[in-house]
Amino acid sequence: MTSDFADALTSGPLVLDGGLSNQLEAAGHDLGDALWSARLLADDPEAITRAHLAYFEAGADVVITSSYQATFEGFARRGIGGRRAAELLALSVESAREAARRARVGPAGRAGRRRWVAASAGPYGAMLADGSEYRGRYGLDVGELERFHRPRLEVLAAARPDVLALETVPDTDEAVALLRAVRGLGVPAWLSYTVDGDRTRAGQPLEEAFALAADAEEVVAVGVNCCAPGDVSGAVRTAARVTGKPVVAYPNSGEVWDARARAWRGRSLFAPRLVREWRAAGARLVGGCCRVGPDATRSIASAPSSCSLTARASPEACPG
């Protein structure tokens, strides 16, 4: 599939945003809810726009919408009907577009700079809000997972994002379902696994997992997110070698999510040195996920990028 976004990925590196939830929490919003940041689509969409804008102003080229945990099923549990849920899903794309418009005209805007919107589609486990997106293997077959994902993806695609972010995918069954669900939507997608070492969270080898997307026309990039920073470089190399597609990489800070306590534990391991390694390994779209904020985005945007243009470069080739 050809698109402006796919062309941009192949022509040079792009900077992705960081965690939306931590930026919202930093602004004083309580996200202790099963809908997580998606709750604010109904309660305070302007807050979401401001959070996206913070990342654009920090140097991000691409922001990911607040729809990661936004599903028809999750909204229904809050008494929100299907029509309103569809409106809120579309609003997640429009909120990001509004942030891009403000960034273009604001004091940090740069003439001619394109800003992109990726519509997030989180895994089935995100809807459960119990941490199961870090385990996968929900007891559903591929057909059931496809039927869960397709209606939401149709609504998001109709809102015309630049790309669909099929993200935090924990196992190959869900990847197959998502690859089926995006067929014919007319919007490119990236497929991003959450990993543990050289395997998916469910334990499948990454070579097998990435191979599923190698011939998928709709998929313009593959990669990893919501994982430890130390797991990224090897996964990037595997993704590039197996698929020949541009690679995305946006790990967590390195802190660990305690699902029972609904809190982060440990310390941040996200460092500029690692970003240089990911780019040297072939990552074209680099950013952060949970607990990675605008300061990290700013450091990524200012880092040397020439080494990212070839997967054969070594980390030592990247100055700084």
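Let's start with two helices: the axes of H8 and H9, the latter covering residues 172-181, come within 8 Å and cross at roughly 45 degrees. Please keep in mind throughout that this is a predicted model. If you are new to this, two packed helices are described by the angle between their axes and the distance between the axes. With angles under 35 degrees counting as roughly parallel and 65 to 115 as roughly perpendicular, H8 and H9 are therefore oblique to each other. The crossing in which H8 passes H9 is right-handed.

Which residues make this contact? On the H8 side they are Val142, Leu145, Glu146, His149, Arg150 and Leu153. On the H9 side they are Asp173, Glu174, Val176, Ala177, Leu178, Arg180 and Ala181. Here is a handy idea for reading such lists: an α-helix has 3.6 residues a turn, so residues three or four places apart point the same way.

Let's stay with H9. Is H9 largely enclosed or left open by the rest of the structure? It is largely enclosed, because 7 of its 10 residues are buried. Those buried residues are Thr172, Glu174, Ala175, Ala177, Leu178, Leu179 and Ala181. The elements that cover them include helix H7 (124-128), H8, S4, S5, helix H10 (206-211) and S8.

Several of those are strands, which brings us to the sheet. This is an open sheet of 8 strands, paired in parallel, and its order is S1-S12-S9-S8-S5-S4-S3-S2. At the edges stand strand S1 (14-15) and strand S2 (62-64); each has a single partner strand, so one side of each lacks a neighbour in the sheet. S2 runs parallel to strand S3, residues 116-121, and 3 bridges join the two. If you would like a place to look, find Val63, which stands opposite Val117 in S3.

Now for helices that pack on this sheet. Helix H1, made of residues 4-11, touches S1, S2, S3, S4, strand S5 (189-193), S8 and strand S12 (283-286). The direction of H1 makes about 115 degrees with that of S12. Another helix, H11, lies across S8, strand S9 (247-250) and S12. H11 runs at about 165 degrees to S9.

On to the inside. How many residues does the largest nonpolar core have? It has 73 residues, and those with the most contacts inside it are Leu153, Leu164, Leu166, Leu191, Tyr193 and Trp278. Helix H6, residues 82-105, gives the largest share of this core, with 8 residues. There is also a second, separate core of 22 residues, and among its members are Ala6, Ala8, Ile64 and Val163.

Let's zoom in on Leu191. Setting aside residues up to four places away in sequence, Leu191 touches Leu166, Val169, Ala175, Leu179, Ala213, Val219, Ala221, Val222 and Gly223. One of these, Val219, is found in strand S8. Val219 counts as buried because its relative accessibility is 2%, and the cut-off for buried is under 20%. With the same sequence neighbours left out, Val219 touches Leu179, Ala189, Leu191, Ala213 and Lys245.

Next, a look at some loops. Most residues other than glycine have a negative phi. Two residues here go the other way. Arg160 has a positive phi of about 60 degrees although it is not a glycine, and it sits in the loop between helix H8 (142-158) and strand S4 (163-169). Cys226, also not a glycine, has a positive phi of about 50 degrees. Cys226 lies in the loop between strand S8 (219-225) and helix H11 (232-243).

Are they buried or exposed? Arg160 counts as partly exposed because its relative accessibility is 47%, whereas Cys226, at 2%, counts as buried.

One more loop residue: Ser66, between S2 and helix H5 (72-77). Ser66 is at 1% relative accessibility, so it counts as buried. Leaving out residues up to four places away in sequence, Ser66 touches Leu20, Ser37, Ala38, Leu41, Ile48, His52 and Ser92.

I'll finish with Ala26, which belongs to helix H2 (residues 20-26). At 65% relative accessibility, Ala26 counts as exposed. Along the sequence Ala26 and Gly293 are 267 residues apart, while in space their C-alpha atoms are 9.5 Å apart. Thanks for listening, everyone!

Notes: Residues numbered from 1 in each chain as written. Predicted model: local features only at pLDDT ≥ 70, side-chain atom pairs only at ≥ 80, totals over all residues. Heavy atoms only, no water. Helix = DSSP H or I, 4+ residues; strand = E, 2+ residues; numbered from the N terminus. Buried < 20%, exposed > 50% of the residue type's maximum accessible area, 1.4 Å probe, protein only. Core = buried A, V, L, I, M, F, W, Y, C linked by side-chain atoms within 4.5 Å. Contact = heavy atoms within 4.5 Å. Pairing = 2+ DSSP bridges. Axes fitted to C-alpha atoms, helices over the stretch in contact; angles between N-to-C directions. Parallel < 35°, antiparallel > 145°, perpendicular 65-115°, else oblique. Left-handed = near helix turned anticlockwise from the far one by under 90°.
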